[in-house]
Amino acid sequence: METGSRAKSLGKEETGRRSAKFDSMLPNAPTVDPFVPRTDHNPRELRSWAKRTGFVSTFSGETTSGVGEKNESARFDLEKGLERRGGGSSPKIEIDPILGRTRPNREIEVEPVTGPAKGEMRTENEGVLRFRDGGVRGEERRRVGIEPMMGEAKEDERRVVTNGKGSERVAGAVSRNSDGTVNGNGHEFPVVTPAGEPKKEDDKDGRDEDIDVNAGEVEAAESGWQRPSGMKLGPTENPGFVPLIYYGLQHYLSLVGSVVFIPLIIVPAMGGTDKDTATVISTLLLVSGITTILHSYFGTRLPLVQGSSFVYLAPVLVVMNAQEYRNLTEHKFRHIMRELQGAIIVSSIFQSILGFSGLMSLFLRLINPVVVAPTVAAVGLAFFSYGFPQAGSCVEISIPLIVLLLIFTLYLRGVSIFGHRVFRIYAVPLSVMIIWAYAFFLTAGGAYNFAGCSPDVPSSNIVVDACRRHAYTMKHCRTDVSSAWRTASWVRIPYPLQWGVPIFHIRTCIITIMVSLVASVDSVGTYHTVALRVATKPPTPGIVSRGIALEGFCSILAGLWGTGAGSTTLTENVHTIHVTKVANRRALEVGAVFLIFISFLGKVGAVLASIPLALAASVLCFIWALIVALGLSTLQYGQTASIRNMTIVGVSLFFGLSIPAYFQQFQAETSFILPSYFVPYAAASNGPTHSGNKQFDFVFNALMSLNMVVTFFIAIVLENTVPGSRQERGMYIWSHAEDIKNDPALLATYSLPGKFSRLFCRCKCLCI
């Protein structure tokens, strides 16, 4: 009893000190009426009230031991935030043996003790929840509002707005002891200091820490969008026309390798000329600009660049290496392009139906990080047999380029020039320009001059054996071998059906339909990651369905114009937004308009088509490796140490590489016809399946030789049949419609323009 009475007296003294401290902070301020707590208060109104009155809140460190009994099973979930669960053991409670209460602290750091809900929650001066890596991810951000005390048993009450689960109330004081433990709701949690962030030294234990209201953040919140930590520009902000031009060009320059390098691979392999390569590049720039604007207005409305995806590159290589096209000489390029156009149009219609019908909302239940991670990683790994074998044709160019890319992105990523991380943001264009100039000096200096051999003579017309051996080197290394600059027009406007009427074959259509499912899974993962980065909450299933439906429509445009591959959301958007810290719709729209403008200049496409093949292959090696890393990074939303998840990902990736290798080994005759890096993509015509139906054999052999398709089917079956908790699986938690409608910032980010909103909302599956 003595201990209890002493605790009460000390508690009163501490309350008096806190009141005196608050009065000293506002010596000349008028008397402020007590803030009456409301269960339906708007956090923005609370911020506005604090700004008008000059109120500065403090975290109190006083509580009673009985508070912990109210939330015995509270624990932190990576996707749900702070969640009450019935049952389960309660964390430990540490009570000061003398004062009879939990010890005070100045900041909050929370980490579950054990169990599957590993993670860390911590609020600093800006009230941001962080994980142990020190970074702030969107689904880990929570807006925390402070409400006044209601009796001794409830010292403070925080409202934590979670990722798609509405809001929950967490009662009880949160205090920090001098030994580093944190007591909130009567629980004890060990403290983990985030890596890369110095731990603040405190002068006195038990002193309350004042949480200052940042005026800039208050203004941002009142304007509708609260900037996540580290972001320079949000989705709906308007910094002015000049900054928009700069940020728009910056975004596209950082994605230049992903946007324009696919034609450098497929057009020469299809038998196209240098002029055809320049034309396809110009067409790709036009379609990318148009589809990006369409997605920005009518899709998910997230700041995402659309373009020809590497997901479609593997099936394109499979189709062009089919047996009936190997000996085709006359109009080979146009014939293959028309068949690709037909296949892309059909698969795009299927993807649009998947989105507009609402089936995508049902399909979302099967898509989780454990499915997305190996599937996206397999997209990059699918080209390991093409990457360096093609780049190695000219090692004096390819190796310096790869080394320079690694130096810029890893060793010089922290170097700033006039406040800009130039090497980190422009790693690809800077490296390409430097090594391209180096290759030009090698060519001008005679490094690739061979007696009696001319680079202008096609390899098929060379009769001298010595020149035939050097023709491959001259073609891949010289900077003057391309005739695109001489043959391309100054002004040329790409138009639909410029290659002819599309050809529709059921076998190629089935292949591309299966690939469009993989592209949809890739896009879903990108939507979720980018949304949490820039909007603090993921979209609703209706918004995702709307985005997939529009991607299908955009792929129809790509098929009509003839870009050679379907249009989808580029996975590399995640990396670009991370390094540029800019995620603005207006900036992307300005950049897209610039892209459309330069697509009309034929010489721009000719310059890009003149990049040596070895140099282009080296850049693609880096981009494909980046795609693998971005895919595996989605495992952060689940439990990466889970045996279940590790087994599913490992089995999916291994058999996603091994099964196609089995189908690709039946290539006895093609190994003498095709280059070695194209042999794996010829399995459709020479695979082991012989059922008597050539169409079925072609489709089955082709699908089983595509790494991302095999990986996707294995991963989705295992993920949805092997038991596991929602937290262990890291299931995507999509927002509810009421969450978006009740938050003006999210409504401004995801809602469609007025008239179009009414049009789309006639179909409930496409509404917010």
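Is phenylalanine 298 buried or exposed? I looked this up first in the predicted model, and at 18% relative accessibility phenylalanine 298 counts as buried, because the cut-off for that label is under 20%.

I then turned to the aromatic pairs, of which I have 16 on my list. One of them joins tyrosine 297 to phenylalanine 298, with 6.1 Å from centre to centre and 40° between the planes, and I entered this pair as tilted. For tyrosine 297 I noted a relative accessible area of 33%, so this residue is partly exposed, whereas phenylalanine 298 is buried.

My next entry concerns phenylalanine 383 and tryptophan 624, whose ring centres lie 4.6 Å apart with the planes at 20°, so I recorded the pair as stacked. Tracing the two residues along the chain, I found phenylalanine 383 in the loop between helix H12 (369-381) and helix H13 (387-391), and tryptophan 624 in helix H24 (residues 613-633), so that the pair links distant parts of the chain, 241 residues apart. I checked the accessibility of both partners: phenylalanine 383 is buried at 1%, and tryptophan 624 is buried at 3%. I also noted that Phe383 and Trp624 belong to one aromatic cluster together with Phe310 and Tyr386.

Last, I looked for charges over rings. Which residue lies over the face of tryptophan 485? I found lysine 603 there, at 4.8 Å from the ring centre, and I wrote down that lysine 603 lies over the face of tryptophan 490 as well, at 5.3 Å from that ring centre.

Technical notes:
Residues are numbered from 1 along each chain as its sequence is written. This is a predicted model: local features need pLDDT of at least 70, side-chain atom pairs count only at pLDDT 80 or more; totals for chains, interfaces and linings use all residues. Side-chain values use heavy atoms; hydrogens and water are left out. Rings of Phe, Tyr and Trp (its six-membered ring) pair if their centres lie within 6.5 Å; planes under 30 degrees apart count as stacked, over 60 as edge-to-face and the rest as tilted. Buried means under 20% relative accessible area, exposed over 50%, partly exposed in between (1.4 Å probe, protein chains only). Helices (H or I, at least four residues) and strands (E, at least two) are DSSP runs, numbered from the N terminus. A charge sits over a ring if NZ of Lys or CZ of Arg is within 6 Å of the ring centre and within 35 degrees of the ring normal.
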